[in-house]
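Work through the exercises below with the model open. Try each task before you read its solution.

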Amino acid sequence: MGKAHKKIEISPGDIMNWLDEGPAIILHQAEILDPIPFEDYAEYSENINAWPREVGWKIKLLKTGETLDVHENTLE
């Protein structure tokens, strides 16, 4: 059986690891555009409101200072 994913409570100001990039401070929730197949790009670029999206987080990597929008499931 696969490992069940536990829903994590995330709040601005929390420090969490992002992928293999190390610790990041959570800044605020952000809307993330989902990846789409290249062949669908023309359709979505004509109507950005139709682009699939989800709620994610804006983070700041502590090692580099970069600010990124990331999917929640990439934080731990």
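**Exercise 1.** Find the residue in S3 that stands opposite Ala30.

Solution. This is a predicted model. Start at Ala30 and look across to S3: the residue opposite is Gly56. Now widen the view. Ala30 belongs to a pairing of S2, residues 23–33, with S3, residues 53–61. The two strands run antiparallel and are joined by nine bridges. At another point of this pairing, Leu33 stands opposite Arg53.

**Exercise 2.** Follow S3 to S4 and describe how the two are connected.

Solution. First, the pairing: four bridges join S3 to S4, and the strands run antiparallel. One of the pairs is Ile59 with Leu68 in S4. Next, the turn: S3 and S4 form a hairpin with five residues between them. Gly65 sits in that turn and has a positive phi of about 80 degrees.

**Exercise 3.** Give the strand order of the sheet and explain why S1 and S4 are edge strands.

Solution. The order is S1-S2-S3-S4, in an open sheet with antiparallel pairing. S1 (15–17) and S4 (67–70) each have a single partner strand, so one side of each lacks a neighbour in the sheet. Neighbouring strands are turned by 45 degrees against each other on average, direction ignored.

**Exercise 4.** Locate Asp34 and look for a salt bridge.

Solution. Asp34 lies in the loop between S2 and helix H1 (41–46). Asp34 is buried. The nearest side chain of opposite charge is Arg53, 8.1 Å away. A salt bridge needs the charged atoms within 4 Å, and Asp34 has none. Beyond its neighbours within four places in sequence, Asp34 has contacts that include Trp51, Pro52 and His71.

Definitions and conventions. Residues numbered from 1 in each chain as written. Predicted model: local features only at pLDDT ≥ 70, side-chain atom pairs only at ≥ 80, totals over all residues. Heavy atoms only, no water. Pairing = 2+ DSSP bridges. Axes fitted to C-alpha atoms, helices over the stretch in contact; angles between N-to-C directions. Buried < 20%, exposed > 50% of the residue type's maximum accessible area, 1.4 Å probe, protein only. Lys, Arg positive; Asp, Glu negative; His and termini not counted. Contact = heavy atoms within 4.5 Å.
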